[in-house]
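Trainee: I'd like a close look at one part of this model, please. Could you pick a helix, walk me through it slowly, and then set it beside some other local features?

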Amino acid sequence: MTPIKSAAVIGGGVMGSGIAAHLANAGVRVLLLDIVPPDLKDHEKSDPKARNRFAQGGLDKAVKSRPAAFFHASFAGLVSVGNVEDDLGKLAHVDLVVEAIIEKLEPKRALFQKLEKIVAPHCVVASNTSGLRIAAMMEGFSPAFKQRFLVMHFFNPVRYMKLLELVVGPETSQETLEQIRRFGEDRLGKGVVLGKDTPNFVGNRIGAHAMMAAIHQMLADDLAPEDVDNITGLPMGHPKSASFRTADLVGLDTFAHVADNCYAALTSDEDRDVFKLPDFVRQMVDKKLLGDKTKGGFYKKGPDKSLQTLDPKTLAYRAKGGDEAVAKLTKGLSKIEDPKERLRKLVADGGKAGTFAWKVLSRSLAYSARRIGEIADEVTAVDDAMKWGYNWELGPFEAWDALGFAATLERMQKEGVKLPASVLAMKDKGATGFYKGSEVWDLQKGAYVPRKLDARNRSVVELRKGSAAVLKNDGAEAWDLGDGILGLTFKSKANSLDPDVIKMLGDAATEAEKNFRGLVIANQGEHYCVGANVFLVVMAAGQKNWDQIRGMVKAYQDVTQRLKYATVPIVAAPYGMTLGGGLELCFACSSVQAAAETYAGLVEVGVGLIPGGAGTLNMLWRAFEGIPEGAQLNTQELVTQTFKNIAMAKVATSADEAKAFGYFRRQDGVSFDRSRQVTEAKARAIGLAEAGYRPPTPRSYVLPGEGGIATLSFMVDALVAGGYASEHDGLIARKLAVVLCGGRGGAARPVTEDEVLELEREAFVSLCGEAKSQERMQYILINNKPLRN
């Protein structure tokens, strides 16, 4: 198969520019094309910049978008722009073309007719259509072109949504499918679902049905939008944005288009009427109440910034409200960690919430079951589509199993819910659920079959060997992951650093050196590690127990240094929020295998402190890496940038941006698909071990000293004087400057690591004694967010 090194995306809108950006994230060179603006003035008609204005505008928006479309702004350099009148000929040299133009059949067919004459014989042509049929798009095209054509349906925002639906036509070659499947999984980090050539494919078919069922049921039960969102969010295993907030985020016009497409195309669907938009939703679209894009949809912010809700009966906004009993119940359910338990308790409720949940859920489950064979062949395809494309915690069939397969089936039958014969046959054959260990029920074959699992997609728990942990305490445990690798996982709340975790880090390093050839630190949960347990510091500071704080800081400094100089490779596998002490842990490891979506930074200034786990030392020392011996180094520049990153609590918005900031090394690994991260981290540890890993040697550097402190203090004074920083911010920054400059005598001789650590430790302890720092720590402890003053 020809590797995909270059691509073209036609259509510079939100989806097209997002696809181009993510292709660039994967290292693919991209040509982004759009139409020539129709309103060009005479002098612009020969100006390439003017003719490329639409494509350039799409690229510019992608660069500026928040959340960011590119992993790092520099990746936009891989994208060039053009227009479909002047630059289609350039597509003769690309390996992949993705069409993302207006969702109308004839313009797409006209474009494909041009592409058929231009693209190379190996080039794959794909449409990002969300609902048009391949049969209609490809009618009359040559067999060779049809063999290289398929649908690549990305979900928005492309970088963040894992789902990639692939849909092939009857003539699409198996080689084309496998090439794009591998490209999607291995290069783009997507979860690939194979759908069938039916309207809205898999995710949007089931998602639109579930959303529309909720809207119709809300009207029937006389509930408010707030009630529906309280029920269909976390309690049902769906995102916090639930139903109506999600519609506002996506755009009501987009949602209406999907529903209208289903209603128009699905003339033989037994539940077709569910896709018919209620009158109030149609009026919202007509009135441009489209959600966030028009600053008002189902919700909007009032003049006082309070959230208001649209009343479906009057189309007027009112203060946010809803049923108090529903709100109270669902708030309690949302605190339950296990989504299966949440769902069971919700459906078991005999009040408005449970009744509504069961009505919409049972309808959705049955509808999903009836679609097997029509939109996809496997229940796993439907479940994966909803988890990856809609961020559901449980797919429909996983939810059915969570509620109890037999009991749910029996209740549906009693209430007259229409079920397919294939599900009824499951019960007759004694099936206990759709999933059973490593097997899944095939509704078309009527039997359990092995699940198609990628061996790379294994969590740290699934990699564990044996029946017991090698090491264990209340904060963490270490297991044998096989192949001579020990795996350490935190068990503390939010994977925070507490005395048990810190002790286990040292113990695991010792165990790995004795009986293993490497150590991987891989956590579970929403975030990798959000830093130290602030409660312990607050308590000690309140008691003015400075020696206890000094001991806590030294304990973590000692363990990070212990990890750094271990005789076996230690690999961190960060993801999500990796902040404060979590990033300091990564600094201490031999290597990092980061998830692409890793948000890393030293944010201690937000709680009135500076890094206290060798973060100042190791970040500074990393800035000095790669400088040849004998070079006349101006350390002030490197110290200043390190100072800015820490003093401004600069958080990288991706693993690649973390590399640019100096938080991770350039040679550290990045996992596009977090499902593969632990196996890739393990492979990295094995590779280092087999390559003859040797720990680094301690270093010392001449630092800026008193002159550097004066320079940084002048910078801080200017910010404080200008009102850009508070007096307390200035105090923190000045203490940080002393540490990074090696103290006042830092320029007189090389400063050792131990000397920097002592400076860091004493600055940390002294800040704990400041009333403002204590106020910040207490605030974040109570409110779980930083105090801004």
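Mentor: Here is a walk along one helix, followed by a second helix pair, a small sheet and some backbone oddities. Keep in mind that this is a predicted model.

Let's take helix 16, which covers residues 379–390. Start with its length: with 12 residues at 1.5 Å a residue, helix 16 should span 16 Å, and its end C-alpha atoms are indeed 16 Å apart, so the two agree. Now, how many of the 12 residues of helix 16 are buried? Nine are, so helix 16 is largely enclosed by the rest of the structure. The buried set begins with a run from Val-379 through Thr-380, Ala-381, Val-382, Asp-383, Asp-384 and Ala-385 to Met-386, and Gly-389 is buried as well. Just past the end of helix 16 sits Asn-391, with a positive phi of about 60 degrees.

What does helix 16 pack against? One partner is helix 17, residues 396–403, with the two axes 7 Å apart and an angle of about 100 degrees between them. Angles of 65 to 115 degrees count as roughly perpendicular, and therefore helix 16 and helix 17 get that label. On the helix 16 side, the contact uses Val-379, Val-382, Asp-383, Met-386 and Lys-387, while helix 17 brings Pro-396, Phe-397 and Glu-398. Sort the residues of this contact by class and you get five nonpolar, three charged and no polar ones. Val-379, Val-382, Asp-383 and Met-386 touch helix 17, and these residues of helix 16 are also buried.

For another packing geometry, go to helix 23 (residues 546–564) and helix 24 (residues 581–588), which pack at about 30 degrees with axes 8 Å apart. That angle makes helix 23 roughly parallel to helix 24. Here Tyr-556, Thr-560, Leu-563 and Lys-564 of helix 23 meet Gly-581, Glu-584, Leu-585 and Ala-588 of helix 24. This contact divides into four nonpolar, two polar and two charged residues.

Next, the sheet. Three strands form an open sheet in the order 9-10-11, paired antiparallel. Strand 9 (299–301) and strand 11 (317–319) are its edges, each pairing on one side only. On average, neighbouring strands are turned by 40 degrees against each other, ignoring direction. Strand 10, residues 307–310, shares three bridges with strand 11, and Leu-310 has Tyr-317 of strand 11 as its bridge partner.

Now the backbone oddities. Most residues other than glycine have a negative phi, and most peptide bonds are trans. Against that background, Phe-201 has a positive phi of about 55 degrees without being a glycine, and Asp-222 has one of about 55 degrees too, again not a glycine. Phe-201 lies in the loop between strand 8 (191–195) and helix 8 (203–221); Asp-222 is in the loop between helix 8 and helix 9 (225–232). Are they buried or exposed? Phe-201 counts as buried, at 0% relative accessibility, whereas Asp-222 is exposed, at 53%.

There are cis peptide bonds as well. One joins Arg-66 and Pro-67, with omega about 5 degrees, and Pro-67 lies in the loop between helix 3 (53–64) and strand 3 (79–83). Another joins Asn-156 and Pro-157, with omega about 0 degrees; Pro-157 is in the loop between strand 6 (149–154) and strand 7 (163–168).

Conventions. Residues are numbered from 1 along each chain as its sequence is written. This is a predicted model: local features need pLDDT of at least 70, side-chain atom pairs count only at pLDDT 80 or more; totals for chains, interfaces and linings use all residues. Side-chain values use heavy atoms; hydrogens and water are left out. Two strands pair if DSSP finds at least two bridges between them. Helices (H or I, at least four residues) and strands (E, at least two) are DSSP runs, numbered from the N terminus. Axes are lines fitted to C-alpha atoms, for helices over the stretch in contact, and angles run from 0 to 180 degrees between N-to-C directions. Buried means under 20% relative accessible area, exposed over 50%, partly exposed in between (1.4 Å probe, protein chains only). Angles under 35 degrees count as roughly parallel, over 145 as roughly antiparallel, 65 to 115 as roughly perpendicular and the rest as oblique. Contact means heavy atoms within 4.5 Å. Ala, Val, Leu, Ile, Met, Phe, Trp, Tyr, Cys and Pro count as nonpolar, Asp, Glu, Lys and Arg as charged, and the others, Gly among them, as polar. The expected span of a helix is 1.5 Å times one less than its number of residues.
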